[in-house]
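Got your viewer open? Let's walk through this model one selection at a time.

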Number of protein chains: 2
Amino acid sequence: MTTPTLHALDQAIRLTMTAPNRFSGHCDETYLNMVGPFGGMTAATLLNAALMHPDRLGDPVSLTVNFAGPVGLGDFEIEATPLRTNRSTQHWLLLLRQNDEVMTSATAFFGTRRETWSEQAAEPPAAPAVSELPRKERHERAWFRHYDMRFVSGAFQPDDANATPSHDSLLWVRDEPPRPLDFAALTAVGDIFAPRIFSRRQRFTPAGTVSMTHYFHATQEDLQRAGSDFLLGQAGVSRYHHNYADQIAHLWASDGTLLLTSTQVAYFKE
Amino acid sequence: MTTPTLHALDQAIRLTMTAPNRFSGHCDETYLNMVGPFGGMTAATLLNAALMHPDRLGDPVSLTVNFAGPVGLGDFEIEATPLRTNRSTQHWLLLLRQNDEVMTSATAFFGTRRETWSEQAAEPPAAPAVSELPRKERHERAWFRHYDMRFVSGAFQPDDANATPSHDSLLWVRDEPPRPLDFAALTAVGDIFAPRIFSRRQRFTPAGTVSMTHYFHATQEDLQRAGSDFLLGQAGVSRYHHNYADQIAHLWASDGTLLLTSTQVAYFKE
């Protein structure tokens, strides 16, 4: 007899409601990054508190996550407060604490979405098929092994003297092992891109996201259609200046549907 | 004898500290928009609470504002809480309430910035000189008269049968009367663009920003150099779908320095 096991992502974002608006979770080494866990997984965990909250209305439209301090291994608490619920929209405040200290703060906006006039302005850039690209093997951080990344351009290759400096990165990516896409998984993969300064300078510098904002274009139907296939991701930058640089990124389903617009601002040391 | 009068912007964002972390302000008709005041001014007012807070550390790097309900004419209260203060960074939670209801929520990230390697990837698009462009005269909303807007392209012209539908807008803009740029004024002007669906369809539909995020590339030196000159602003969109569309915008000083990357997601009815 085999026991069905949770996907690593579902394990990582798992929460237990302990009191009204209160959830407890646990951070282990599965998605560990440089300092604390992969930020995308922390973002997905915070969103999950609103997703599973009994008062939830509609689906996520926007999410902003502020990385205030490194989440440590062990238990954490999330306070998820619906600040305001309107007829078809809902505003959330989400605070992740360890030892009563705020490690991550977030706000989220949910809405019930109806069919409207639609148009996609940002078309996916041309990219070779996934099967034509090698999987990027990196073992420096635990979280890398949980994503299958196939770079078209802009990979961080500090050990390759011929690496091309680039503001932009373009890659195919999916959970490893594959897992059907949902709002939590899309939230996590939206943080897949290394700080832009890594691909631009092709050398390491202490760096990390301080604030990230996702806009979910994807409706439930878009997510179902995307399934567990690869997503195409592209990230660019506007300016690096005095310790901070922005990032603007998009994620498309393999059929070209834009699922996510994501921006973030990252610290860099020098 | 003449009494020096405050600029309308300084009047609008003026706050009085009433208790630790508590400020009171007042909304009048000066910057009134369709429903409540111009969102950029509400954003500037929220940021101002952190800017004038006695515990403030450093300068704004990011700001996210969630428009939960319409701010009404009259008094409001802002609760400004430094959620976490590190050695050189600070995370804020900002809540604007009227009658104990949250009308606007925001988070902000401040940092002390030092000189680093810098590079600007997003160069300003070509644009005619301000003097070659007519000022856009609009009188439908009170707040319009407090900005001098000179459109290069993408203006909303629902009464012009020959108006060109466009995802993008490009314009020169400054406070009217001119006022030296600071973080509050830059925050407000970052919301200058009409919902993208207006320029795309050139007809009115109920629409409004639900969440906006600013990344401040500008340091104090950048702001001083920008002075009270016009800024060049460009806004685009990625996808309109099921009641919501995003916007990605940039604001440059007249010398080409990128001051702000701003994104927002806006509701539209149909």
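**Stop 1: a leucine in a helix**

Start by selecting L9(A), which you'll find in helix α1 (residues 8–12) of chain A; helices (H or I, at least four residues) and strands (E, at least two) are DSSP runs, numbered from the N terminus. Before going on, know that this is a predicted model, where local features need pLDDT of at least 70, side-chain atom pairs count only at pLDDT 80 or more, and totals for chains, interfaces and linings use all residues. Residues are numbered from 1 along each chain as its sequence is written, while chains are lettered from A and ligands numbered from 1 in the order in which they are written.

Is L9(A) buried or exposed? L9(A) is buried, because 24 other C-beta atoms lie within 10 Å. The cut-offs: buried takes 20 or more other C-beta atoms within 10 Å of a residue's own, exposed is 12 or fewer, and partly exposed is in between, with C-beta atoms placed from the backbone.

Now show what L9(A) touches: leaving out residues up to four places away in sequence, that's D175(A), R179(A), A185(A) and A188(A). Contact here means that two C-beta atoms, placed from the backbone, lie within 7 Å. For a long jump, select H242(A): 233 residues along the chain from L9(A), with 35 Å between the two C-alpha atoms.

**Stop 2: a covered helix**

Next, pick helix α2 (residues 39–51) of chain A. α2(A) is mostly covered, with 13 of its 13 residues buried. Try the distance tool on the C-alpha atoms at its ends: they are 18 Å apart, which agrees with the 18 Å that 13 residues should span at 1.5 Å a residue. (The expected span is 1.5 Å times one less than the number of residues.)

**Stop 3: strands in a row**

Colour strand β5 (residues 89–98) of chain A; eight of its ten residues are buried, so β5(A) is largely enclosed by the rest of the structure. Add strand β4 (residues 74–85) of chain A, which runs antiparallel to β5(A) and is joined to it by eight bridges. Strands count as paired if DSSP finds at least two bridges between them. Look for T85(A), whose bridge partner in β5(A) is Q90(A). Three residues sit between β4(A) and β5(A) in their hairpin.

Then add strand β6 (residues 101–111) of chain A, antiparallel to β5(A) and joined to it by ten bridges. β5(A) and β6(A) make a hairpin with two residues between them, and N99(A) in the turn has a positive phi of about 50°.

While you're here, click L94(A). Setting aside neighbours within four places in sequence, its contacts include L46(A), I78(A) and A106(A). L94(A) and L94(B) have the most contacts inside the largest nonpolar core, which has 167 residues. Such a core is a set of buried Ala, Val, Leu, Ile, Met, Phe, Trp, Tyr and Cys residues joined through C-beta atoms within 7 Å.

**Stop 4: where the chains meet**

Finally, show both chains. How many residues of chain B are in contact with chain A? The count is 49, against 49 residues of chain A. Look for strand β7 (residues 119–120) of chain A, which pairs in the antiparallel sense with strand β12 (residues 239–241) of chain B over two bridges. There, Q120(A) has R239(B) as its bridge partner.
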